[in-house]
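Here is a short report for a first look at this chain. Keep the sequence and the model side by side while reading.

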Amino acid sequence: MKYFELEALPYPDHTLEPIISRETLTFLYTQVYSHAISSLNELVEECPDLRFGHIDCLLGGLSHVPQEIRQDIQRYGGAYKNVTLFLHTLTSPNTSTINGPIKDAINRSFGSFETFQQQFTKEAHAHVGNGWTWLVINPDNTLSITSTKEQNNPIMDMQTAILGINMWDYMYSSSNRQNYIDTFFTIVNWKIVNHIYEETLKSPNRFGHE
């Protein structure tokens, strides 16, 4: 039984070019994402108590996951959650502008959208090794920028990611790391990010912790 589904890409595989090539996107989707979902389903199938848990409950409540599979749930569950957000918050280059409540929230937290972009880009450039750089909502509903290693997700630290840049080396192995980071904001779908932001604020129990 499949508890977590491999959804179709929300756009054609060439949509993000030239920032993210068709080949890179295909690898991310067919290898990384697909493998994470199949591995996660296998783990959940072996543990009946986890079969109907939301991914946020699994990652936010890892202490309740049996120790023998905890690390794998963190790895594959994190990959599933991380890549899902990543894929759904991107669009074709230079087709989305920031508006609405997310713009106001960024201005409140960072002073201006330009300052936020600079700080986010600087954080991504400083990231060492595989992982992610995120825009997150804190428990007090302010925004901040953080990074995680490997497939860790901010929900483990009581933060909700609403935008992230994938800093695994396969994302830029055939291109240029600096250019990938510097042009990332040209493919962000701010309409989707704004929707995630608004929906997150409506959820009183959004961290998956008991």
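pLDDT is the predictor's confidence in each residue, on a scale from 0 to 100. This is a predicted model. The chain averages a pLDDT of 92. A score of at least 70 is reached by 95% of the residues. Confidence is lowest in α2, with a mean of 88. It is highest in helix α4 (residues 101–110), at 98. Where pLDDT is low, predicted coordinates should not be read in detail.

## The largest pocket

The largest pocket holds about 480 Å³ of space. It is lined by 19 residues. Closest to its centre are Asp 56, Lys 81, Leu 85, Ala 161 and Ile 196. Four elements give two or more residues each to the lining: α2 (55–60), α3 (67–88), β3 (160–166) and α7 (190–202). The largest share, five residues, comes from α3. By type, the lining divides into seven nonpolar, seven polar and five charged residues.

## The nonpolar core

In soluble globular proteins, nonpolar side chains tend to be buried together. Here the largest nonpolar core has 69 residues. Those that touch the most other members are Ile 20, Phe 86, Ile 106, Phe 116, Leu 143 and Trp 190. Helix α1 (residues 22–45) supplies the largest share of this core, 10 residues.

Take Ile 20 from that group. Leaving aside residues up to four places away in sequence, Ile 20 touches Leu 25, Phe 86, Leu 90, Met 171, Tyr 180 and Ile 187. Phe 86, one of these partners, is also among the core residues that touch the most other members.

## Phe 4 and the start of the chain

Phe 4 lies in the segment before α1. Is Phe 4 buried or exposed? Its relative accessible area is 6%, under the 20% cut-off, so Phe 4 is buried. Phe 4 has contacts with Ile 37, Leu 40, Asn 41, Val 44, Gly 53, Ile 55, Leu 58 and Tyr 80, not counting residues up to four places away in sequence. One of these partners is Val 44, which is 40 residues from Phe 4 along the chain. The C-alpha atoms of Phe 4 and Val 44 are 9.5 Å apart.

The segment before α1 also contains Pro 18. The peptide bond from Glu 17 to Pro 18 is cis, with omega near 5°. Most peptide bonds are trans, and most residues other than glycine have a negative phi.

## Two positive phi values

Asn 94 has a positive phi, near 60°, and is not a glycine. Asn 94 sits in the loop between α3 and α4. Asn 141 is likewise not a glycine, and its phi is positive, at about 75°. Asn 141 belongs to the loop between β1 and β2.

Pro 139 is also placed in the loop between β1 (131–137) and β2 (143–149). Pro 139 and Gln 159 are 20 residues apart along the chain, and their C-alpha atoms are separated by 6.5 Å.

## Accessibility at a glance

The table lists some residues that are exposed or partly exposed.

| Residue | Relative accessible area | Class |
|---|---|---|
| Asn 94 | 64% | exposed |
| Pro 139 | 51% | exposed |
| Arg 22 | 36% | partly exposed |
| Asn 141 | 35% | partly exposed |
| His 88 | 30% | partly exposed |

Why does Pro 139 count as exposed? Exposed means over 50%, and Pro 139 has 51%, so Pro 139 is exposed. Asn 141 has 35%, between the 20% and 50% cut-offs, so Asn 141 is partly exposed.

## Two helix residues

Arg 22 is in helix α1. Arg 22 touches Asp 13, His 14 and Glu 17, with residues up to four places away in sequence left out. Glu 17 is also where the cis peptide bond to Pro 18 begins. Arg 22 and Val 136 are 114 residues apart along the chain, and their C-alpha atoms are separated by 28 Å.

His 88 is in helix α3. Which residues does His 88 touch, not counting residues up to four places away in sequence? They are Glu 7, Pro 10 and Ile 192. His 88 and Val 188 lie 100 residues apart in sequence. In space, His 88 and Val 188 are 9.4 Å apart, C-alpha to C-alpha.

Methods
Residues are numbered from 1 along each chain as its sequence is written. This is a predicted model: local features need pLDDT of at least 70, side-chain atom pairs count only at pLDDT 80 or more; totals for chains, interfaces and linings use all residues. Side-chain values use heavy atoms; hydrogens and water are left out. On a 1 Å grid over the protein atoms alone, a cavity is a set of points where a 1.4 Å probe fits but cannot get out, and a pocket is an open set with protein on both sides within 12 Å along at least five of seven lines; lining residues have an atom within 4 Å of a point. Grid points are joined across faces, edges and corners, and a volume is the space filled by probe spheres set on the points. Ala, Val, Leu, Ile, Met, Phe, Trp, Tyr, Cys and Pro count as nonpolar, Asp, Glu, Lys and Arg as charged, and the others, Gly among them, as polar. A nonpolar core is a set of buried Ala, Val, Leu, Ile, Met, Phe, Trp, Tyr and Cys residues joined through side-chain atoms within 4.5 Å. Buried means under 20% relative accessible area, exposed over 50%, partly exposed in between (1.4 Å probe, protein chains only). Contact means heavy atoms within 4.5 Å.
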